[in-house]
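Visitor: Can you walk me through this structure? I'd like to start with the domains and then look at some helix packing.
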Amino acid sequence: MLFGKKKGVAGLDIGSSSIKMVELESKSGNLNLVSLGFENLPGDTIIDGQIMEMNLVSDVIQNVCNNHQIEADKVVTGVSGHSVIIKNIVLPPMSREELEESIDWHAEEHIPYDLADVSLDYQVTGEDEESTQVLIAACKRERIDNIKQAIQLAGKSPVVIDVDTFALQNCYEANYDPTEDDVVTLLNIGASTMNVNIVKGTRSLFTRDITVGGSQFTDVLQRSLGLNFQQAEAVKRGVVDAAEGLEEKSIEPLMNNVTEIVAMEIQKTFDFYRATTDDNETQVHKILISGGGSKLAGLADELSRRLELPVEVLDPFRKVVIDTKKFDPEYISEIVPEMAVAVGLAMRGV
Ligand SMILES: Nc1ncnc2c1ncn2[C@@H]1O[C@H](COP(=O)(O)OP(=O)(O)OP(=O)(O)O)[C@@H](O)[C@H]1O
Ligand SMILES: [Mg+2]
(Lines give C-alpha, C1' and ligand atoms only; values in the text may rest on other atoms or scores of the structure.)
(Ligands and ions follow the chains in the order given, each with its own letter.)
Protein backbone atom coordinates (compact mmCIF):
# COMPACT_ATOMS: atom_id res chain seq x y z
CA MET A 1 0.00 0.00 0.00
CA LEU A 2 1.41 3.36 -1.05
CA PHE A 3 -0.74 5.83 0.83
CA GLY A 4 -1.85 5.42 4.43
CA LYS A 5 -2.01 2.33 6.54
CA LYS A 6 -3.77 -0.76 5.28
CA LYS A 7 -7.06 -1.19 7.10
CA GLY A 8 -7.41 -4.41 9.02
CA VAL A 9 -10.09 -6.96 9.79
CA ALA A 10 -11.83 -6.86 13.17
CA GLY A 11 -13.74 -9.52 15.08
CA LEU A 12 -17.28 -8.30 15.75
CA ASP A 13 -19.37 -10.09 18.35
CA ILE A 14 -22.98 -8.94 18.26
CA GLY A 15 -24.39 -10.24 21.54
CA SER A 16 -27.91 -9.74 22.81
CA SER A 17 -26.73 -7.43 25.59
CA SER A 18 -23.69 -5.75 24.04
CA ILE A 19 -21.44 -5.42 21.01
CA LYS A 20 -17.76 -6.25 21.29
CA MET A 21 -15.03 -5.63 18.73
CA VAL A 22 -11.39 -6.65 18.70
CA GLU A 23 -8.66 -6.08 16.17
CA LEU A 24 -5.42 -8.05 16.29
CA GLU A 25 -2.31 -7.99 14.16
CA SER A 26 0.31 -10.62 13.66
CA LYS A 27 3.85 -9.25 13.96
CA SER A 28 7.08 -11.25 14.21
CA GLY A 29 5.31 -14.34 15.44
CA ASN A 30 3.27 -12.47 18.05
CA LEU A 31 -0.37 -11.51 18.16
CA ASN A 32 -0.75 -7.86 19.16
CA LEU A 33 -3.89 -6.13 20.32
CA VAL A 34 -4.57 -3.23 17.96
CA SER A 35 -7.94 -2.06 19.21
CA LEU A 36 -10.82 -3.14 21.36
CA GLY A 37 -14.32 -1.83 22.01
CA PHE A 38 -17.41 -2.68 24.00
CA GLU A 39 -20.82 -0.96 24.09
CA ASN A 40 -24.10 -2.10 25.63
CA LEU A 41 -27.32 -2.63 23.70
CA PRO A 42 -30.75 -1.79 25.10
CA GLY A 43 -32.99 -4.75 25.97
CA ASP A 44 -35.11 -6.33 23.19
CA THR A 45 -32.79 -5.06 20.44
CA ILE A 46 -31.97 -8.68 19.62
CA ILE A 47 -34.50 -11.40 20.40
CA ASP A 48 -33.70 -15.09 19.91
CA GLY A 49 -30.64 -14.09 17.91
CA GLN A 50 -32.74 -12.03 15.49
CA ILE A 51 -31.85 -8.34 15.19
CA MET A 52 -35.14 -6.50 15.73
CA GLU A 53 -33.72 -2.96 15.72
CA MET A 54 -31.51 -2.81 12.64
CA ASN A 55 -30.66 0.90 12.82
CA LEU A 56 -29.89 0.75 16.50
CA VAL A 57 -27.44 -2.14 16.07
CA SER A 58 -25.71 -0.43 13.17
CA ASP A 59 -25.46 2.81 15.20
CA VAL A 60 -23.90 0.93 18.12
CA ILE A 61 -21.40 -0.77 15.79
CA GLN A 62 -20.42 2.69 14.55
CA ASN A 63 -20.19 3.99 18.11
CA VAL A 64 -17.92 1.12 19.11
CA CYS A 65 -15.62 2.00 16.20
CA ASN A 66 -15.68 5.76 16.80
CA ASN A 67 -15.34 5.64 20.56
CA HIS A 68 -12.53 3.11 20.55
CA GLN A 69 -10.55 4.15 17.44
CA ILE A 70 -11.29 0.97 15.52
CA GLU A 71 -10.39 1.60 11.90
CA ALA A 72 -10.94 -1.83 10.39
CA ASP A 73 -13.51 -1.73 7.61
CA LYS A 74 -13.85 -5.49 7.25
CA VAL A 75 -15.27 -7.68 9.98
CA VAL A 76 -15.54 -11.33 10.92
CA THR A 77 -18.71 -12.03 12.85
CA GLY A 78 -20.42 -15.07 14.32
CA VAL A 79 -23.81 -16.72 14.73
CA SER A 80 -25.14 -18.88 17.54
CA GLY A 81 -28.33 -20.26 19.01
CA HIS A 82 -31.16 -22.33 17.59
CA SER A 83 -30.73 -21.31 13.97
CA VAL A 84 -27.26 -22.89 13.91
CA ILE A 85 -26.96 -26.65 13.53
CA ILE A 86 -23.62 -28.35 14.12
CA LYS A 87 -23.10 -32.08 13.72
CA ASN A 88 -20.20 -34.49 13.57
CA ILE A 89 -21.16 -37.05 10.95
CA VAL A 90 -19.41 -40.25 9.88
CA LEU A 91 -19.43 -41.10 6.17
CA PRO A 92 -17.88 -43.92 4.15
CA PRO A 93 -14.34 -43.29 2.85
CA MET A 94 -14.45 -41.00 -0.17
CA SER A 95 -12.40 -38.49 -2.12
CA ARG A 96 -12.78 -34.74 -1.56
CA GLU A 97 -14.53 -34.43 -4.92
CA GLU A 98 -17.04 -37.12 -4.00
CA LEU A 99 -17.61 -35.45 -0.66
CA GLU A 100 -18.15 -32.05 -2.25
CA GLU A 101 -20.68 -33.54 -4.64
CA SER A 102 -22.59 -35.50 -2.04
CA ILE A 103 -22.40 -33.29 1.06
CA ASP A 104 -25.86 -31.75 0.60
CA TRP A 105 -27.38 -35.17 0.30
CA HIS A 106 -25.59 -36.45 3.43
CA ALA A 107 -26.26 -33.30 5.42
CA GLU A 108 -29.95 -33.27 4.62
CA GLU A 109 -30.93 -35.92 7.15
CA HIS A 110 -29.10 -34.07 9.96
CA ILE A 111 -30.55 -30.63 9.35
CA PRO A 112 -34.13 -29.95 10.37
CA TYR A 113 -34.56 -27.19 7.78
CA ASP A 114 -34.98 -27.15 4.02
CA LEU A 115 -31.45 -27.06 2.58
CA ALA A 116 -32.52 -24.29 0.22
CA ASP A 117 -33.03 -22.06 3.28
CA VAL A 118 -29.66 -22.68 4.93
CA SER A 119 -26.06 -21.83 4.37
CA LEU A 120 -24.02 -25.01 4.77
CA ASP A 121 -20.34 -25.42 5.52
CA TYR A 122 -18.29 -28.50 6.33
CA GLN A 123 -14.83 -29.61 7.30
CA VAL A 124 -13.15 -33.03 7.26
CA THR A 125 -12.01 -33.68 10.84
CA GLY A 126 -10.66 -37.20 10.47
CA GLU A 127 -10.11 -39.97 7.96
CA ASP A 128 -9.23 -43.65 8.09
CA GLU A 129 -9.75 -46.77 6.00
CA GLU A 130 -13.31 -47.22 7.18
CA SER A 131 -14.66 -43.71 7.36
CA THR A 132 -14.49 -40.00 6.68
CA GLN A 133 -15.43 -37.86 9.68
CA VAL A 134 -17.02 -34.57 8.76
CA LEU A 135 -18.12 -31.62 10.85
CA ILE A 136 -21.10 -29.86 9.29
CA ALA A 137 -22.39 -26.43 10.26
CA ALA A 138 -25.57 -24.93 8.88
CA CYS A 139 -27.28 -21.66 9.60
CA LYS A 140 -30.58 -20.28 8.38
CA ARG A 141 -29.89 -17.92 5.50
CA GLU A 142 -32.34 -15.32 6.81
CA ARG A 143 -30.33 -15.11 10.03
CA ILE A 144 -27.10 -14.51 8.12
CA ASP A 145 -28.77 -11.90 5.90
CA ASN A 146 -30.13 -10.16 9.01
CA ILE A 147 -26.66 -9.84 10.54
CA LYS A 148 -24.98 -8.85 7.27
CA GLN A 149 -27.54 -6.10 6.79
CA ALA A 150 -26.78 -4.52 10.18
CA ILE A 151 -23.04 -4.64 9.48
CA GLN A 152 -23.35 -3.15 6.01
CA LEU A 153 -25.62 -0.43 7.35
CA ALA A 154 -22.79 0.47 9.72
CA GLY A 155 -20.51 0.89 6.70
CA LYS A 156 -18.50 -2.28 7.33
CA SER A 157 -18.09 -5.29 5.13
CA PRO A 158 -18.70 -8.77 6.59
CA VAL A 159 -15.95 -10.98 5.16
CA VAL A 160 -16.49 -14.14 7.21
CA ILE A 161 -19.52 -15.43 9.11
CA ASP A 162 -18.23 -17.87 11.72
CA VAL A 163 -20.04 -19.75 14.48
CA ASP A 164 -19.58 -18.34 18.04
CA THR A 165 -18.76 -21.71 19.56
CA PHE A 166 -15.96 -22.28 17.00
CA ALA A 167 -14.65 -18.74 17.48
CA LEU A 168 -14.41 -19.60 21.16
CA GLN A 169 -12.51 -22.77 20.27
CA ASN A 170 -10.21 -20.78 18.00
CA CYS A 171 -9.50 -18.42 20.87
CA TYR A 172 -8.76 -21.37 23.18
CA GLU A 173 -6.44 -23.13 20.72
CA ALA A 174 -4.39 -20.03 19.95
CA ASN A 175 -3.99 -19.17 23.64
CA TYR A 176 -3.55 -22.62 25.19
CA ASP A 177 -1.84 -24.78 22.50
CA PRO A 178 -3.74 -27.91 23.60
CA THR A 179 -2.18 -31.36 23.13
CA GLU A 180 -4.18 -34.31 21.82
CA ASP A 181 -4.77 -35.49 25.41
CA ASP A 182 -6.32 -32.26 26.64
CA VAL A 183 -10.07 -32.64 26.87
CA VAL A 184 -11.85 -29.50 28.00
CA THR A 185 -15.32 -28.07 27.91
CA LEU A 186 -15.50 -24.50 26.67
CA LEU A 187 -18.45 -22.76 28.22
CA ASN A 188 -19.50 -19.27 27.16
CA ILE A 189 -22.31 -17.87 29.28
CA GLY A 190 -23.78 -14.83 27.56
CA ALA A 191 -26.91 -12.89 28.42
CA SER A 192 -29.35 -15.14 26.59
CA THR A 193 -27.34 -18.03 25.19
CA MET A 194 -24.85 -20.46 26.65
CA ASN A 195 -22.44 -22.11 24.18
CA VAL A 196 -20.98 -25.46 25.23
CA ASN A 197 -18.15 -27.02 23.19
CA ILE A 198 -16.42 -30.25 24.27
CA VAL A 199 -12.96 -30.17 22.70
CA LYS A 200 -10.29 -32.87 22.54
CA GLY A 201 -6.96 -31.42 21.42
CA THR A 202 -8.06 -29.23 18.54
CA ARG A 203 -11.10 -31.27 17.64
CA SER A 204 -14.65 -30.40 18.63
CA LEU A 205 -16.39 -33.55 19.86
CA PHE A 206 -19.78 -32.08 20.65
CA THR A 207 -21.40 -28.66 20.76
CA ARG A 208 -24.69 -27.39 22.07
CA ASP A 209 -26.17 -23.90 22.33
CA ILE A 210 -28.66 -23.51 25.14
CA THR A 211 -31.03 -20.58 25.62
CA VAL A 212 -30.06 -19.92 29.22
CA GLY A 213 -27.77 -17.12 30.36
CA GLY A 214 -27.14 -14.19 32.63
CA SER A 215 -30.43 -12.49 31.82
CA GLN A 216 -32.30 -15.41 33.41
CA PHE A 217 -30.86 -14.40 36.80
CA THR A 218 -31.88 -10.79 36.24
CA ASP A 219 -35.39 -11.81 35.12
CA VAL A 220 -35.99 -13.89 38.22
CA LEU A 221 -34.87 -11.07 40.55
CA GLN A 222 -37.00 -8.59 38.63
CA ARG A 223 -40.15 -10.68 38.74
CA SER A 224 -39.85 -12.11 42.24
CA LEU A 225 -38.70 -8.95 43.99
CA GLY A 226 -40.66 -6.39 41.96
CA LEU A 227 -37.55 -4.55 40.72
CA ASN A 228 -36.90 -2.82 37.42
CA PHE A 229 -34.20 -4.12 35.08
CA GLN A 230 -31.46 -1.74 36.29
CA GLN A 231 -32.16 -2.53 39.93
CA ALA A 232 -32.22 -6.28 39.33
CA GLU A 233 -29.00 -6.09 37.30
CA ALA A 234 -27.31 -4.14 40.13
CA VAL A 235 -28.51 -6.61 42.77
CA LYS A 236 -27.21 -9.48 40.66
CA ARG A 237 -23.80 -7.84 40.27
CA GLY A 238 -23.60 -7.30 44.02
CA VAL A 239 -23.56 -3.49 43.79
CA VAL A 240 -23.52 -2.09 47.33
CA ASP A 241 -26.89 -0.61 48.37
CA ALA A 242 -28.56 -1.84 45.17
CA ALA A 243 -31.07 -3.80 47.15
CA GLU A 244 -32.25 -1.35 49.74
CA GLY A 245 -34.71 -3.06 52.00
CA LEU A 246 -34.01 -6.45 50.42
CA GLU A 247 -32.69 -9.23 52.53
CA GLU A 248 -29.80 -11.38 51.39
CA LYS A 249 -31.81 -14.44 52.30
CA SER A 250 -34.55 -13.57 49.80
CA ILE A 251 -32.04 -13.22 46.97
CA GLU A 252 -29.94 -16.34 47.43
CA PRO A 253 -32.56 -19.03 46.81
CA LEU A 254 -33.71 -17.23 43.64
CA MET A 255 -30.17 -17.21 42.27
CA ASN A 256 -29.62 -20.82 43.30
CA ASN A 257 -32.64 -21.92 41.28
CA VAL A 258 -31.13 -20.51 38.09
CA THR A 259 -27.65 -21.85 38.89
CA GLU A 260 -29.28 -25.25 39.22
CA ILE A 261 -30.77 -24.91 35.70
CA VAL A 262 -27.40 -23.85 34.28
CA ALA A 263 -25.61 -26.82 35.91
CA MET A 264 -28.32 -29.23 34.81
CA GLU A 265 -28.11 -28.07 31.18
CA ILE A 266 -24.33 -28.58 31.17
CA GLN A 267 -24.77 -32.03 32.70
CA LYS A 268 -27.41 -32.82 30.06
CA THR A 269 -24.95 -31.78 27.36
CA PHE A 270 -22.38 -34.24 28.75
CA ASP A 271 -25.07 -36.94 28.75
CA PHE A 272 -26.09 -36.14 25.17
CA TYR A 273 -22.46 -36.37 24.11
CA ARG A 274 -22.06 -39.77 25.80
CA ALA A 275 -25.18 -41.01 24.04
CA THR A 276 -23.75 -40.12 20.62
CA THR A 277 -20.35 -41.78 21.01
CA ASP A 278 -18.96 -45.27 21.65
CA ASP A 279 -15.82 -43.72 23.09
CA ASN A 280 -16.08 -44.35 26.82
CA GLU A 281 -12.53 -43.33 27.58
CA THR A 282 -12.59 -39.64 26.80
CA GLN A 283 -13.10 -37.70 30.03
CA VAL A 284 -13.43 -33.94 30.30
CA HIS A 285 -10.60 -32.65 32.54
CA LYS A 286 -11.83 -29.16 33.13
CA ILE A 287 -14.25 -26.44 32.16
CA LEU A 288 -12.95 -23.13 30.80
CA ILE A 289 -15.60 -20.47 31.29
CA SER A 290 -16.15 -17.17 29.56
CA GLY A 291 -18.96 -14.72 28.80
CA GLY A 292 -20.31 -11.95 31.00
CA GLY A 293 -22.70 -14.38 32.66
CA SER A 294 -19.73 -16.30 34.09
CA LYS A 295 -18.81 -13.23 36.19
CA LEU A 296 -21.68 -13.86 38.58
CA ALA A 297 -20.13 -14.13 42.05
CA GLY A 298 -19.81 -17.74 43.17
CA LEU A 299 -21.12 -19.24 39.91
CA ALA A 300 -17.82 -20.83 38.83
CA ASP A 301 -17.35 -22.46 42.25
CA GLU A 302 -20.91 -23.66 42.31
CA LEU A 303 -20.62 -25.20 38.82
CA SER A 304 -17.37 -26.85 39.83
CA ARG A 305 -19.00 -28.34 42.91
CA ARG A 306 -22.09 -29.58 41.11
CA LEU A 307 -20.31 -30.96 38.03
CA GLU A 308 -17.30 -32.24 39.99
CA LEU A 309 -14.84 -30.65 37.60
CA PRO A 310 -12.30 -27.85 37.96
CA VAL A 311 -13.62 -24.60 36.48
CA GLU A 312 -11.15 -21.97 35.25
CA VAL A 313 -11.66 -18.62 33.57
CA LEU A 314 -10.56 -18.72 29.92
CA ASP A 315 -8.04 -15.96 29.23
CA PRO A 316 -8.52 -14.76 25.64
CA PHE A 317 -5.39 -12.58 25.95
CA ARG A 318 -3.10 -15.27 27.40
CA LYS A 319 -0.81 -15.09 24.36
CA VAL A 320 -1.83 -11.69 23.05
CA VAL A 321 0.63 -8.84 23.51
CA ILE A 322 -1.11 -5.82 25.03
CA ASP A 323 0.54 -2.39 25.12
CA THR A 324 -0.27 -1.14 28.62
CA LYS A 325 0.39 2.45 27.51
CA LYS A 326 -2.53 2.17 25.11
CA PHE A 327 -4.89 -0.11 27.07
CA ASP A 328 -5.70 0.15 30.76
CA PRO A 329 -4.81 -3.27 32.25
CA GLU A 330 -7.49 -2.88 34.90
CA TYR A 331 -10.22 -2.31 32.32
CA ILE A 332 -8.97 -5.20 30.17
CA SER A 333 -8.97 -7.61 33.11
CA GLU A 334 -12.51 -6.55 33.96
CA ILE A 335 -13.85 -7.41 30.50
CA VAL A 336 -11.76 -10.55 29.86
CA PRO A 337 -14.75 -12.95 30.04
CA GLU A 338 -16.88 -10.96 27.61
CA MET A 339 -14.13 -10.69 24.98
CA ALA A 340 -13.46 -14.40 24.34
CA VAL A 341 -15.71 -14.79 21.29
CA ALA A 342 -14.64 -11.44 19.79
CA VAL A 343 -10.95 -12.40 20.15
CA GLY A 344 -11.63 -15.76 18.48
CA LEU A 345 -13.39 -13.97 15.62
CA ALA A 346 -10.53 -11.46 15.33
CA MET A 347 -8.06 -14.34 15.03
CA ARG A 348 -9.78 -15.37 11.82
CA GLY A 349 -8.94 -11.97 10.45
CA VAL A 350 -5.14 -12.21 10.85
N1 LIG B 1 -20.20 -8.64 37.27
C2 LIG B 1 -21.21 -9.37 36.80
N3 LIG B 1 -21.89 -10.22 37.61
C4 LIG B 1 -22.91 -10.95 37.13
N5 LIG B 1 -23.33 -10.93 35.85
C6 LIG B 1 -22.68 -10.12 35.00
C7 LIG B 1 -21.58 -9.30 35.41
N8 LIG B 1 -21.14 -8.60 34.34
C9 LIG B 1 -21.92 -8.96 33.31
N10 LIG B 1 -22.84 -9.86 33.68
C11 LIG B 1 -23.90 -10.48 32.86
O12 LIG B 1 -23.33 -10.98 31.68
C13 LIG B 1 -24.30 -11.00 30.64
C14 LIG B 1 -23.73 -10.45 29.39
O15 LIG B 1 -22.67 -11.27 28.97
P16 LIG B 1 -22.15 -11.25 27.46
O17 LIG B 1 -21.68 -9.90 27.11
O18 LIG B 1 -21.19 -12.36 27.32
O19 LIG B 1 -23.52 -11.58 26.69
P20 LIG B 1 -23.93 -11.29 25.18
O21 LIG B 1 -22.81 -11.70 24.28
O22 LIG B 1 -24.39 -9.88 25.03
O23 LIG B 1 -25.19 -12.24 25.04
P24 LIG B 1 -25.49 -13.51 24.13
O25 LIG B 1 -24.18 -14.06 23.65
O26 LIG B 1 -26.21 -14.45 25.02
O27 LIG B 1 -26.35 -13.00 23.03
C28 LIG B 1 -25.50 -10.21 31.15
O29 LIG B 1 -26.55 -11.06 31.53
C30 LIG B 1 -24.92 -9.47 32.36
O31 LIG B 1 -25.88 -9.23 33.35
MG1 LIG C 1 -22.24 -13.54 23.45
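Guide: What follows covers the domain split and one pair of helices, in a model that is predicted.

Visitor: OK, domains. Which residues go where?
Guide: Domain 1 is made of 9–84 + 136–216 + 257–348, and domain 2 of 85–135.

Visitor: How many residues does the contact take from each domain?
Guide: Domain 1 gives 18 residues to the contact and domain 2 gives 22 residues. The C-alpha centres of domain 1 and domain 2 are 25 Å apart.

Visitor: And what area is buried between domain 1 and domain 2?
Guide: About 1600 Å², with 54% of that area coming from carbon and sulfur atoms.

Visitor: Which residues in domain 1 lose the most area to domain 2?
Guide: I136, R141 and R203 do, and together they make up 46% of what the domain 1 side buries.

Visitor: Switching to helices. At what angle do α7 and α8 pack?
Guide: The angle is about 50° between α7, residues 248–276, and α8, residues 299–307. Their axes are 10 Å apart.

Visitor: Why are they called oblique?
Guide: An angle of about 50° is neither under 35 degrees nor in the range 65 to 115, so α7 and α8 count as oblique to each other. The crossing of α7 past α8 is right-handed.

Visitor: Which residues meet there?
Guide: From α7 they are N256, T259, E260, V262, A263, I266 and Q267, and from α8 they are L299, E302, L303, R306 and L307. By class, this contact of α7 with α8 holds six nonpolar, three polar and three charged residues.

Notes. Residues are numbered from 1 along each chain as its sequence is written. Chains are lettered from A and ligands numbered from 1 in the order in which they are written. This is a predicted model: local features need pLDDT of at least 70, side-chain atom pairs count only at pLDDT 80 or more; totals for chains, interfaces and linings use all residues. Side-chain values use heavy atoms; hydrogens and water are left out. Axes are lines fitted to C-alpha atoms, for helices over the stretch in contact, and angles run from 0 to 180 degrees between N-to-C directions. Helices (H or I, at least four residues) and strands (E, at least two) are DSSP runs, numbered from the N terminus. Angles under 35 degrees count as roughly parallel, over 145 as roughly antiparallel, 65 to 115 as roughly perpendicular and the rest as oblique. A crossing is left-handed if the near helix is turned anticlockwise from the far one by less than a right angle, and right-handed if clockwise. Contact means heavy atoms within 4.5 Å. Ala, Val, Leu, Ile, Met, Phe, Trp, Tyr, Cys and Pro count as nonpolar, Asp, Glu, Lys and Arg as charged, and the others, Gly among them, as polar. Domain bounds come from an automatic or database domain assignment. Buried area is the accessible area (1.4 Å probe) that two parts lose on being put together, summed over both.
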